[in-house]
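Hi everyone, and thanks for making time. Let me put the structure up on the screen, and then we can walk through it together.

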Amino acid sequence: PKLFYLRKPILPLVVCRMVKLSLHHGVCKESGMGFALYGTVLSGRKAELYTGYEYGKVALALDDKAREHHCCVHAMVYGFLNCWIEPIQSLLEPLKLAYDAGLLTGETEYAGISAQQYMGHALVSGKNLDDLIDEMTAYSRQFMECKHTVLHLLSASYRQMALNLLGRSADPIKLVGGDMENAMLEQMENGNIYLRSQVGALQVWLGDLFGYYDLAAETAKSNQDVESIHLSRFAVVCTYVFYSGLAAIAMARKEGKEKWNMEIRRALEKMKLWASSSRWNCQHKLELMEAEYAYLERDVSCAREKYDSAIAGAKNHRFVHEQALALERAGIFHLENGNGAIASEFFEKAYACYSKWGARSKAWHVKETYL
């Protein structure tokens with residue numbers, strides 16, 4: 001776990017050695033773990049999403065026979081590989097089961113990784129925040145009991161994000177508060193890039209969500225190493241690319257496309273790649289980005305069509321928070337094009353979706369700003 005979470009550069013070498021030994025000398029009880037980790041290297045470092053996914057299947061098949069490292073294999077496969085192919089909501093229960101299995105077998109560190117991945121997946125899947133914060137608190141308590149300080153600190157930013165959205169923080173824009181403890185802030189100040197970049201990705205999300213596009217764009221620029229640091233962690237990497245792309249498009253409307261064109265193109269290309277492998281998780285995100293870009297290009301008819309597609313896709317795939325976001329951005333689009341009555345309908349629906357998600361601070365923001 002430490003090799004993975006501390007981003008040691010020797011991780012690919014160790015993993016490749018494990019796979020090579022299994023292929024040359026036959027599988028052993030550690031082979032499933034080796035193939036699972038090899039899949040994360042392919043998926044994260046080389047963006048070979050389907051290949052990484054297939055290696056995850058091999059790992060699961062080997063684990064069904066050996067079951068010596070059941071929790072580890074399932075944490076890697078459902079936490080880092082299948083999220084780029086399968087509906088992310090379908091991965092929540094396997095991660096919870098992996099956590100329970102790890103506690104039973106004494107693999108508490110891998111159980112912690114399963115729980116931490118569950119928190120991230122659940123947060124970006126649109127799971128109700130009132131239910132999620134209770135689960136996060138229970139997992140965090142378990143981390144401390146098992147003395148898994150790093151996992152506790154990593155989960156703190158997820159918990160604080162949920163608290164901000166629930167309206168339980170002084171300022172919903174700032175990722176600070178009770179759950180962002182002094183120990184975590186000290187770790188970030190001391191150069192823990194893993195913590196720093198995860199917090200940065202969530203801060204980009206908050207900034208864009210509440211309309212502080214300059215803050216989101218600035219934070220995104222100072223955290224451009226998110227993908228290389230977090231390998232194939234969907235909750236961090238995809239979140240960063242999605243919201244940094246939206247922020248860049250918003251800034252381009254304000255400052256001109258030339259200044260932000262590179263960031264916009266990069267984000268769109270990434271999301272197109274991910275949507276090609278998982279339409280369920282990423283197609284509506286891509287369509288919302290394309291709607292915003294079409295609006296930037298003053299292609300009103302294309303923008304209207306893309307907004308409608310993004311809203312329908314997010315609804316059909318049960319991403320209530322991104323349905324709310326698409327409704328809100330569509331409302332802004334119609335308002336700025338002189339269609340106040342239509343815009344109000346979109347804002348009312350956005351308010352309802354944010355409330356359903358449990359994001360009371362954001363629902364209040366929509367009500368105060370537009371209704």
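Let's start on the inside. The largest cavity is lined by Val124, Trp205, Phe234, Cys238, Thr239, Phe242, Tyr243, Lys285, His321 and Glu322. Please keep in mind that what you see is a predicted model. The volume of this largest cavity is about 60 Å³, and a search of the whole structure turns up 1 cavity of 30 Å³ or more.

Which elements build that lining? Helices H14 and H18, the latter covering 320-336, each supply at least two residues of the lining of the largest cavity. H14 has the largest share, with 5 residues. By type, the lining residues divide into 6 nonpolar, 2 polar and 2 charged.

One of the residues on that list is Glu322, so let's stay with Glu322 for a moment, because Glu322 counts as buried, with a relative accessible area of 5%. You'll find Glu322 in helix H18. Setting aside neighbours within four places in sequence, Glu322 is in contact with Val124, Phe242, Tyr243, His284, Lys285 and Ala314.

Now over to helix H14, where Leu246 has its place. Is Leu246 buried or exposed? Leu246 counts as buried, at 0% relative accessibility. If we again leave out neighbours within four places in sequence, the contacts of Leu246 are Asp208, Leu288, Met289, Glu292, Leu325 and Arg329. Here is a pair to find on screen: Leu246 and Tyr293 are 47 residues apart in sequence, while their C-alpha atoms are 8.6 Å apart in space.

Next, the core. As general background, nonpolar side chains in soluble globular proteins tend to be buried together. In this model, the largest nonpolar core has 123 residues, and the members that touch the most other members are Leu129, Leu165, Trp205, Ile264, Met271, Trp274 and Tyr354. H14 turns up again here, giving the largest share of this core, 15 residues. Take Leu129 as an example: not counting residues up to four places away in sequence, Leu129 touches Leu123, Ala162, Leu165, Leu166, Trp357, Gly358 and Ala359. Apart from the largest core lies another core, of 5 residues, including Leu154, Tyr194, Leu195 and Ile229.

From the core, let's move to the pockets. How much volume does the largest pocket have? About 240 Å³. It has 14 lining residues, and the closest to its centre are Gln224, Tyr240, Ser244, Glu263 and Arg266. Three helices give two or more residues to this lining: H12 (213-221), H14 (234-255) and H15 (257-277). H15 gives the most, with 5 residues. By type, the pocket lining divides into 7 nonpolar, 2 polar and 5 charged.

Last stop, the cysteines. How many disulfides are there? The count comes to 0. Why is Cys28 not in one? The closest cysteine sulfur to that of Cys28 is in Cys72, 13 Å away, which is too far for a bond, because a disulfide needs the two sulfur atoms within 2.5 Å. Cys71 is in no disulfide either, and its nearest cysteine sulfur, that of Cys72, is 7.5 Å away. As for their surroundings, Cys28 counts as partly exposed, at 44% relative accessibility, whereas Cys71 is buried, with a relative accessible area of 0%.

That's the tour. Thanks for listening, and please ask away!

How values were computed
Residues are numbered from 1 along each chain as its sequence is written. This is a predicted model: local features need pLDDT of at least 70, side-chain atom pairs count only at pLDDT 80 or more; totals for chains, interfaces and linings use all residues. Side-chain values use heavy atoms; hydrogens and water are left out. On a 1 Å grid over the protein atoms alone, a cavity is a set of points where a 1.4 Å probe fits but cannot get out, and a pocket is an open set with protein on both sides within 12 Å along at least five of seven lines; lining residues have an atom within 4 Å of a point. Grid points are joined across faces, edges and corners, and a volume is the space filled by probe spheres set on the points. Helices (H or I, at least four residues) and strands (E, at least two) are DSSP runs, numbered from the N terminus. Ala, Val, Leu, Ile, Met, Phe, Trp, Tyr, Cys and Pro count as nonpolar, Asp, Glu, Lys and Arg as charged, and the others, Gly among them, as polar. Buried means under 20% relative accessible area, exposed over 50%, partly exposed in between (1.4 Å probe, protein chains only). A nonpolar core is a set of buried Ala, Val, Leu, Ile, Met, Phe, Trp, Tyr and Cys residues joined through side-chain atoms within 4.5 Å. Contact means heavy atoms within 4.5 Å.
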